[in-house]
Amino acid sequence: MNSTKQPSKFRRFLRNNAALLLLIFCVLAITAVVLAVTLTRDAAIPDGPVVNNPNDDKPGNSDPSDDRPNPPVKDKVQVFFKSPVAYTGISLEYTDGVKVKCVYKPTLKEYSAHQALDLLAADNASVTAMFDGTVIESDSTYGIGSYVVIDHGDNVIATYASLTNVQVQKGEVVKQGEVIGYASTSARTEFKDGAHLHLEVTVNGEHVDPTPYVEGKIYREYEADA
(Lines give C-alpha, C1' and ligand atoms only; values in the text may rest on other atoms or scores of the structure.)
Protein backbone atom coordinates (compact mmCIF):
# COMPACT_ATOMS: atom_id res chain seq x y z
CA MET A 1 0.00 0.00 0.00
CA ASN A 2 2.78 2.41 0.96
CA SER A 3 4.95 1.43 -2.04
CA THR A 4 2.27 2.45 -4.52
CA LYS A 5 1.88 5.91 -3.01
CA GLN A 6 5.63 6.65 -2.79
CA PRO A 7 6.22 7.43 -6.51
CA SER A 8 3.22 9.74 -6.61
CA LYS A 9 4.59 11.72 -3.66
CA PHE A 10 7.98 12.01 -5.40
CA ARG A 11 6.37 13.25 -8.56
CA ARG A 12 4.38 15.77 -6.59
CA PHE A 13 7.63 16.95 -4.90
CA LEU A 14 9.33 17.40 -8.23
CA ARG A 15 6.36 19.24 -9.63
CA ASN A 16 6.00 21.55 -6.63
CA ASN A 17 9.75 22.33 -6.37
CA ALA A 18 10.76 22.38 -10.01
CA ALA A 19 11.84 26.04 -9.88
CA LEU A 20 13.96 25.52 -6.77
CA LEU A 21 15.63 22.47 -8.22
CA LEU A 22 16.41 24.34 -11.45
CA LEU A 23 18.00 27.16 -9.46
CA ILE A 24 20.14 24.72 -7.47
CA PHE A 25 21.25 23.06 -10.71
CA CYS A 26 22.27 26.41 -12.23
CA VAL A 27 24.27 27.37 -9.14
CA LEU A 28 26.10 24.04 -9.23
CA ALA A 29 26.85 24.46 -12.93
CA ILE A 30 28.21 28.00 -12.49
CA THR A 31 30.37 26.88 -9.58
CA ALA A 32 31.82 24.09 -11.71
CA VAL A 33 32.66 26.50 -14.54
CA VAL A 34 34.36 28.97 -12.17
CA LEU A 35 36.47 26.21 -10.64
CA ALA A 36 37.50 24.96 -14.06
CA VAL A 37 38.55 28.43 -15.26
CA THR A 38 40.50 29.15 -12.04
CA LEU A 39 42.41 25.88 -12.21
CA THR A 40 43.24 26.43 -15.90
CA ARG A 41 44.52 29.97 -15.28
CA ASP A 42 46.71 28.93 -12.35
CA ALA A 43 48.26 26.21 -14.46
CA ALA A 44 49.17 28.78 -17.18
CA ILE A 45 51.08 31.13 -14.82
CA PRO A 46 54.87 30.56 -15.14
CA ASP A 47 56.84 29.59 -12.06
CA GLY A 48 59.45 32.36 -12.43
CA PRO A 49 58.76 36.11 -12.04
CA VAL A 50 58.07 38.18 -15.14
CA VAL A 51 60.65 40.95 -15.61
CA ASN A 52 59.58 43.86 -17.80
CA ASN A 53 62.09 45.67 -19.99
CA PRO A 54 62.60 49.12 -18.38
CA ASN A 55 62.68 50.58 -21.90
CA ASP A 56 59.40 48.92 -22.82
CA ASP A 57 56.65 51.46 -23.48
CA LYS A 58 54.07 48.66 -23.00
CA PRO A 59 55.10 46.25 -20.22
CA GLY A 60 54.09 42.69 -20.96
CA ASN A 61 54.33 43.21 -24.72
CA SER A 62 56.84 40.76 -26.19
CA ASP A 63 57.45 42.86 -29.32
CA PRO A 64 61.25 42.67 -30.02
CA SER A 65 61.24 46.31 -31.12
CA ASP A 66 60.61 47.30 -27.48
CA ASP A 67 64.22 46.33 -26.73
CA ARG A 68 65.52 49.27 -28.76
CA PRO A 69 68.08 51.51 -26.95
CA ASN A 70 67.17 54.86 -25.51
CA PRO A 71 67.57 57.79 -27.93
CA PRO A 72 70.82 59.76 -27.49
CA VAL A 73 70.67 62.70 -25.12
CA LYS A 74 70.86 66.08 -26.86
CA ASP A 75 72.74 69.02 -25.35
CA LYS A 76 71.53 72.57 -25.89
CA VAL A 77 74.08 74.84 -27.58
CA GLN A 78 73.62 78.61 -27.53
CA VAL A 79 75.10 80.59 -30.43
CA PHE A 80 75.20 84.34 -29.82
CA PHE A 81 75.17 87.21 -32.31
CA LYS A 82 78.52 89.02 -32.43
CA SER A 83 79.48 92.65 -32.91
CA PRO A 84 80.00 93.30 -36.64
CA VAL A 85 82.86 95.75 -36.16
CA ALA A 86 85.51 96.78 -33.64
CA TYR A 87 83.85 100.07 -32.81
CA THR A 88 85.21 102.87 -30.70
CA GLY A 89 81.94 104.59 -29.92
CA ILE A 90 78.42 105.38 -31.10
CA SER A 91 77.85 108.46 -33.22
CA LEU A 92 74.08 108.16 -33.61
CA GLU A 93 71.82 106.18 -31.28
CA TYR A 94 68.76 104.20 -32.36
CA THR A 95 65.39 105.97 -32.09
CA ASP A 96 62.13 104.06 -31.85
CA GLY A 97 59.88 107.02 -32.66
CA VAL A 98 58.07 106.62 -29.31
CA LYS A 99 60.38 106.88 -26.32
CA VAL A 100 63.11 108.56 -28.34
CA LYS A 101 61.62 110.23 -31.40
CA CYS A 102 64.71 111.74 -33.00
CA VAL A 103 68.42 112.57 -32.70
CA TYR A 104 70.53 115.44 -33.97
CA LYS A 105 72.36 114.67 -37.20
CA PRO A 106 75.42 116.94 -37.64
CA THR A 107 75.72 116.37 -41.39
CA LEU A 108 72.11 117.37 -42.06
CA LYS A 109 72.06 119.85 -39.15
CA GLU A 110 68.64 118.64 -38.08
CA TYR A 111 66.81 116.45 -35.62
CA SER A 112 65.20 113.40 -37.19
CA ALA A 113 64.38 109.76 -36.61
CA HIS A 114 67.22 107.26 -36.80
CA GLN A 115 66.11 103.61 -36.85
CA ALA A 116 69.69 102.39 -36.87
CA LEU A 117 72.83 102.32 -34.75
CA ASP A 118 75.94 104.08 -36.05
CA LEU A 119 79.12 102.44 -34.78
CA LEU A 120 82.26 104.56 -35.08
CA ALA A 121 85.28 102.61 -36.28
CA ALA A 122 88.65 103.12 -37.88
CA ASP A 123 88.53 103.91 -41.57
CA ASN A 124 88.49 100.61 -43.52
CA ALA A 125 87.88 98.58 -40.37
CA SER A 126 86.54 95.13 -41.24
CA VAL A 127 82.77 94.71 -41.04
CA THR A 128 81.63 91.11 -40.51
CA ALA A 129 78.34 89.21 -40.46
CA MET A 130 76.85 89.12 -36.97
CA PHE A 131 75.43 85.63 -37.60
CA ASP A 132 75.14 83.05 -40.36
CA GLY A 133 72.81 84.12 -43.14
CA THR A 134 72.11 84.76 -46.79
CA VAL A 135 72.77 88.01 -48.66
CA ILE A 136 69.46 89.22 -50.07
CA GLU A 137 70.63 92.60 -51.35
CA SER A 138 73.88 94.41 -52.11
CA ASP A 139 73.75 97.90 -53.54
CA SER A 140 74.52 101.57 -52.94
CA THR A 141 72.50 104.76 -52.39
CA TYR A 142 73.42 108.38 -51.75
CA GLY A 143 71.89 108.38 -48.27
CA ILE A 144 73.43 105.29 -46.65
CA GLY A 145 76.23 104.58 -49.11
CA SER A 146 77.22 101.03 -50.06
CA TYR A 147 75.22 98.48 -48.12
CA VAL A 148 74.59 94.75 -47.68
CA VAL A 149 71.33 93.22 -46.45
CA ILE A 150 71.58 89.78 -44.82
CA ASP A 151 68.74 87.48 -43.84
CA HIS A 152 69.91 85.91 -40.56
CA GLY A 153 66.91 83.58 -40.24
CA ASP A 154 63.95 83.62 -37.85
CA ASN A 155 62.73 86.77 -39.66
CA VAL A 156 65.80 88.73 -38.51
CA ILE A 157 67.22 90.91 -41.29
CA ALA A 158 70.20 93.20 -40.86
CA THR A 159 71.33 96.07 -43.10
CA TYR A 160 75.04 96.87 -42.94
CA ALA A 161 75.59 100.32 -44.52
CA SER A 162 78.16 103.11 -44.99
CA LEU A 163 80.49 100.43 -46.35
CA THR A 164 83.30 100.44 -48.86
CA ASN A 165 84.86 97.62 -50.86
CA VAL A 166 81.87 95.27 -50.41
CA GLN A 167 82.98 91.62 -50.45
CA VAL A 168 79.71 89.72 -50.99
CA GLN A 169 76.97 89.52 -53.59
CA LYS A 170 73.22 88.84 -53.59
CA GLY A 171 72.42 85.16 -53.04
CA GLU A 172 75.71 84.39 -51.28
CA VAL A 173 75.65 82.41 -48.04
CA VAL A 174 77.82 83.92 -45.33
CA LYS A 175 79.10 82.64 -42.02
CA GLN A 176 79.25 84.47 -38.73
CA GLY A 177 82.44 86.56 -38.63
CA GLU A 178 82.90 86.57 -42.41
CA VAL A 179 84.05 89.93 -43.80
CA ILE A 180 81.33 91.57 -45.92
CA GLY A 181 82.90 95.05 -46.35
CA TYR A 182 84.72 97.84 -44.58
CA ALA A 183 83.66 100.87 -42.53
CA SER A 184 83.78 104.21 -44.34
CA THR A 185 82.07 107.56 -44.85
CA SER A 186 80.09 106.44 -47.92
CA ALA A 187 76.79 107.37 -46.21
CA ARG A 188 76.64 110.94 -47.49
CA THR A 189 73.94 112.02 -45.02
CA GLU A 190 76.26 111.00 -42.15
CA PHE A 191 79.79 111.59 -43.48
CA LYS A 192 80.60 114.27 -40.86
CA ASP A 193 80.39 111.58 -38.19
CA GLY A 194 83.52 109.96 -39.66
CA ALA A 195 84.03 106.35 -40.71
CA HIS A 196 81.38 104.13 -39.20
CA LEU A 197 78.98 101.23 -39.73
CA HIS A 198 75.33 102.18 -40.10
CA LEU A 199 73.47 99.11 -38.79
CA GLU A 200 69.74 98.46 -39.06
CA VAL A 201 67.88 95.37 -37.76
CA THR A 202 64.29 94.36 -38.45
CA VAL A 203 62.34 91.49 -36.91
CA ASN A 204 59.19 90.42 -38.73
CA GLY A 205 59.51 93.58 -40.83
CA GLU A 206 59.64 95.95 -37.84
CA HIS A 207 62.73 97.95 -36.89
CA VAL A 208 64.26 97.05 -33.53
CA ASP A 209 67.21 98.41 -31.56
CA PRO A 210 70.40 96.72 -32.87
CA THR A 211 72.19 97.25 -29.55
CA PRO A 212 71.39 93.81 -27.99
CA TYR A 213 72.68 92.11 -31.16
CA VAL A 214 75.87 94.14 -31.17
CA GLU A 215 76.45 93.47 -27.46
CA GLY A 216 75.98 89.71 -27.92
CA LYS A 217 72.82 89.43 -25.84
CA ILE A 218 70.75 87.71 -28.55
CA TYR A 219 71.29 84.02 -29.23
CA ARG A 220 69.86 81.00 -30.97
CA GLU A 221 69.61 77.62 -29.29
CA TYR A 222 70.41 74.41 -31.13
CA GLU A 223 70.56 70.72 -30.24
CA ALA A 224 73.88 68.92 -30.41
CA ASP A 225 74.96 65.36 -29.65
CA ALA A 226 76.22 64.89 -26.11
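Is Tyr-219 buried, partly exposed or exposed? In this predicted model, Tyr-219 has a relative accessible area of 39% and is therefore partly exposed, since that class spans the values between 20% and 50%.

A good place to go next is the aromatic side chains. Four aromatic pairs are found in the whole structure. In one of them, the ring centres of Phe-80 and Tyr-219 are 5.0 Å apart and the planes meet at 50°, so this pair is tilted. Phe-80 belongs to strand 1 (residues 74-80) and Tyr-219 to strand 14 (residues 219-225), so that the pair links distant parts of the chain, 139 residues apart. Like its partner, Phe-80 is partly exposed, at 34% relative accessibility.

Another pair joins Phe-81 and Phe-131, whose ring centres lie 4.5 Å apart with planes at 25°, so the pair is stacked. Phe-81 sits in the loop between strand 1 and strand 2, and Phe-131 in the loop between strand 6 and strand 7, so parts 50 residues apart in sequence are tied together. Both residues are buried, and with Tyr-213 they make up one aromatic cluster. Over the ring of Phe-131 sits the charged end of Arg-220, 4.9 Å from the ring centre.

Turning to the interior, the largest nonpolar core contains 26 residues, and Val-127, Met-130 and Ile-150 are among those with the most contacts inside it. Strand 9 (156-164) is one of the elements giving two or more residues to this core; with four residues, strand 9 gives the most.

On the surface, Leu-20, Leu-23, Ile-24, Val-27 and Leu-28 form a nonpolar patch with about 470 Å² of accessible area together. Val-27, found in helix 2, is partly exposed at 45%.

Note on methods:
Residues numbered from 1 in each chain as written. Predicted model: local features only at pLDDT ≥ 70, side-chain atom pairs only at ≥ 80, totals over all residues. Heavy atoms only, no water. Patch = residues over 30% accessible without salt bridge, like charges linked within 9 Å, V, L, I, M, F, W, Y side chains within 5 Å. Areas by Shrake-Rupley, 256 points an atom, 1.4 Å probe, with all protein chains shown as cover. Salt bridge = Lys/Arg side-chain N within 4 Å of Asp/Glu carboxyl O. Buried < 20%, exposed > 50% of the residue type's maximum accessible area, 1.4 Å probe, protein only. Core = buried A, V, L, I, M, F, W, Y, C linked by side-chain atoms within 4.5 Å. Phe/Tyr/Trp six-rings, centres within 6.5 Å; stacked < 30°, edge-to-face > 60°. Lys NZ or Arg CZ within 6 Å of the ring centre and 35° of its normal.
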